[in-house]
Amino acid sequence: MQSNAQKPRPWWQTAVFYQIYPRSFADGNGDGTGDLAGMIDHLDYLQDLGVDAIWLSPHYPSPMFDCGYDVADYTAVAAEYGTLDDFKRFLEEVHQRGMYLILDLVLNHTSHQHAWFVESRASKSNPKRDWYVWRAGKNGAPPNNWLSTFGGPAWEFDPTTGEYYYHFFFKEQPDLNWRNPAVKQAMFEAIRFWLDLGVDGFRLDAISTLFEDPDLQDNQSPYTQADLYRLGQQAKIEQDQARIITAFRSMLGRQYDQPGIHELMRELRQLCDSYEDRVLVGETEEISYYGDGTNELHLVFNFPLMETRRLTPTWVINNQRERLATLPEAAWPCNTLGNHDSPRVYSRFADGQHDDQNARLALALLLSLRGTPFLYNGEETGMRDYLFPDLERFKDRLSLWAYQMERQVMGASHEQAVIRAAEYGRDKCRTPLQWADAPNAGFSPADVEPWLPVNPDFSEGINVEAQRHDPGSLWNFYRTMLHLRKKLPALMHGEFKLIGAKQNGDQQPDILAFLRQSAQPQQSCLVVMNFSDKPCGNPILDMTPLAAEFKTSQARVLFANTQHREDALNLSLFELAPFEILILELQQA
């Protein structure tokens, strides 16, 4: 009988995930919107790139008030994406290639057009009335002072019954009442529907908001939404970001992370575990959602890693020390640097001088840290945020709210407000994937207007076709790194240990070095990165912890992003080039 140490690791611990934003990935039928046919056509592309698993953003029927996160039917497929049979074929094709598929699961709310809510709002006596959070007002005002995180009050008056319903997000996204057992039963049935079809798990959207204070007590905060918006727009340094987080928590504190959530996560885990090899990934950074590491979520995002304008060794070191030290023993880390709600990786870490080098460092870091990496579609070619200044083309209603705040709170002109609204919103990172130097970047036919404007920089080589044929391109760097990781068990599942970096006896702030070590099979890899535009000379590494464990200071070079690097080097005597990335294999004593 196999011992625990010999059991194969779960697939989700060694996989690299790739998020597909369905409207923007690939247009298979030429109507300007991405679809399942386009995804199927490009599965070979993802397999060749080195992707192991796909996270598919919402594919359900939706009126698209929040780009699919307002679900109108949990067990169907949006007509613009295809049919349920198309989805089944997509899933089958994914599995035939040895890849996995997880779906986005929106638990907190439905669309206001979902049949459940249509019934719920019909009358106070409707059997589904208590499926949502309804309350009477007070003296013609909402039940309390709660706010929506997307702007305005969190309560919407419904004249049909003369009561208010609660929505943490847009008013078109009424919150489900998870304290009602019938809601849990219905949602668990929807979850079983997809698990029975064979999907490999779920990314759980906005899980911290599933429960709110049942007593509806007012939030106690000295801030208004205008104050919070002003703070955000004026933030310059990381300390400003900390103030914003504090203000946000005081404004919305009774509306998230409330009692009951962890009990629900344990029930959901039990449901998931009743199927073989499934995974639950939470859209939260809170480690408490791991439970004891075995009884709640399998993966929780390390969002703090990406919450900086500049990746530095100090930032990464502090993040890893704090994060890894606080994880439950059985928990597995999960890292990402971008998604559909945040600036694109290339834009986030760009400094205007070394943008390409910074993008390569970001990927090398993500793939070599301990934990499961998540990539976002388009990162592989260095797609940038596209701040198109056209209010009429905005799809993200968060941008429209930001436009009003800019005009009313910040006193911006129309032109200024449009640009700032584009920066604030999420359309900028959701534009169609750039496949070729062709009309509409090869995403859709030349005579069809894509659902969002295409970034015109596709003609400057920022497209898949151009970069696939360029050995030095970012795309080929992604492919090389993804395939290299598959060959290195130490990077996929090894332990993590920071190694000191010094020059002339002083701590070297631009050098990041860490050891990854796996026991089965046994392998030790040393990762060394130079985050600066200057070379770093000898000595670089603190050899004390290395000398105690390894029989020689010689290391085999597995990867170097610079030319003319020898196959081996002396750890106590080598120089790092500007922005150099080294992955070395060490022999144990």
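Helices α5 and α7 are oblique to each other. In this predicted model, the two helices pack at an angle of about 50°. Their axes lie 11 Å apart. Why are those two values given? Two packed helices are described by the angle between their axes and the distance between the axes. Angles of 65 to 115 degrees would count as roughly perpendicular, and angles under 35 degrees as roughly parallel. The angle here is about 50°, so the pair is called oblique.

Now look at the residues in the contact. Helix α5 covers residues 84-96. On its side, Leu-84, Phe-87, Lys-88 and Leu-91 take part. From α7 come Phe-193, Trp-194 and Leu-197.

Some of these names return in an aromatic cluster. Phe-87, Phe-193 and Trp-194 belong to one cluster that also includes Tyr-60, Tyr-74, Phe-90, Trp-116 and Trp-131. Trp-131 has a charged partner too. Lys-128 lies over the face of Trp-131, at 4.8 Å from the ring centre. Arg-129 makes a similar kind of pairing with another ring. Its charged end sits over Trp-134, 3.7 Å from the ring centre.

Aromatic rings also meet elsewhere. How many aromatic pairs are there? The count comes to 38. Take Phe-150 and Phe-170 as one of them. A pair of aromatic rings is described by the distance of the centres and the angle of the planes. Here the centres are 4.5 Å apart and the planes stand at 45°, so the pair is tilted. Phe-150 lies in the loop between β4 and β5, and Phe-170 in the loop between β6 and α7. The pair therefore ties together parts that are 20 residues apart in sequence. Are the two residues buried or exposed? Phe-150 is buried, with a relative accessible area of 10%. Phe-170 is buried as well, at 7%.

Next, follow the chain to places where distant parts of the sequence meet. His-109 lies in the loop between β3 (100-106) and α6 (115-120). At 1% relative accessibility, His-109 counts as buried. Its contacts beyond four places in sequence include Tyr-69, Tyr-74, Phe-169 and Asp-205. Tyr-74 is also a member of the aromatic cluster. Trp-178 is 69 residues away from His-109 along the chain, yet their C-alpha atoms are separated by 9.8 Å.

Glu-80 gives another example. This residue lies in the loop between β2 (53-56) and α5. Glu-80 is partly exposed, at 25% relative accessibility. Beyond its sequence neighbours within four places, it is in contact with Arg-23, Asp-31, Gly-34, Asp-35 and Met-64. Glu-80 and Gly-32 are 48 residues apart in sequence, and 10.0 Å apart in space from C-alpha to C-alpha.

Further along the chain is Arg-360, in helix α13 (residues 355-368). Is Arg-360 buried or exposed? Its relative accessibility is 15%, so it counts as buried. Apart from residues up to four places away in sequence, Arg-360 touches Gly-472, Ser-473, Leu-474, Phe-477 and Ile-581.

What about the cysteines? A disulfide is a covalent bond between the sulfur atoms of two cysteines. A search of the whole structure finds zero disulfides. Why does Cys-67 form none? The closest cysteine sulfur, in Cys-429, is 10 Å from the sulfur of Cys-67, too far for a bond. Cys-67 is buried, with a relative accessible area of 6%. Cys-334 is in a like position. Its closest cysteine sulfur is 15 Å away, in Cys-272, again too far for a bond. Cys-334 is buried, at 1%.

Finally, turn to the backbone. Most residues other than glycine have a negative phi, and most peptide bonds are trans. Which residues does a cis peptide bond join? The bond joins Gln-520 and Pro-521, with omega about -5°. Pro-521 is found in the loop between β15 (511-519) and β16 (522-530).

Positive phi values turn up in the loop between β7 and α8. Ala-206 is found in that loop, and its phi is near 50°. Leu-216 has its place there too, with a positive phi of about 55°. Ala-206 is buried, with a relative accessible area of 8%. Leu-216 is buried too, at 14%.

How values were computed:
Residues numbered from 1 in each chain as written. Predicted model: local features only at pLDDT ≥ 70, side-chain atom pairs only at ≥ 80, totals over all residues. Heavy atoms only, no water. Helix = DSSP H or I, 4+ residues; strand = E, 2+ residues; numbered from the N terminus. Buried < 20%, exposed > 50% of the residue type's maximum accessible area, 1.4 Å probe, protein only. Contact = heavy atoms within 4.5 Å. Phe/Tyr/Trp six-rings, centres within 6.5 Å; stacked < 30°, edge-to-face > 60°. Lys NZ or Arg CZ within 6 Å of the ring centre and 35° of its normal. Disulfide = S-S within 2.5 Å. Axes fitted to C-alpha atoms, helices over the stretch in contact; angles between N-to-C directions. Parallel < 35°, antiparallel > 145°, perpendicular 65-115°, else oblique.
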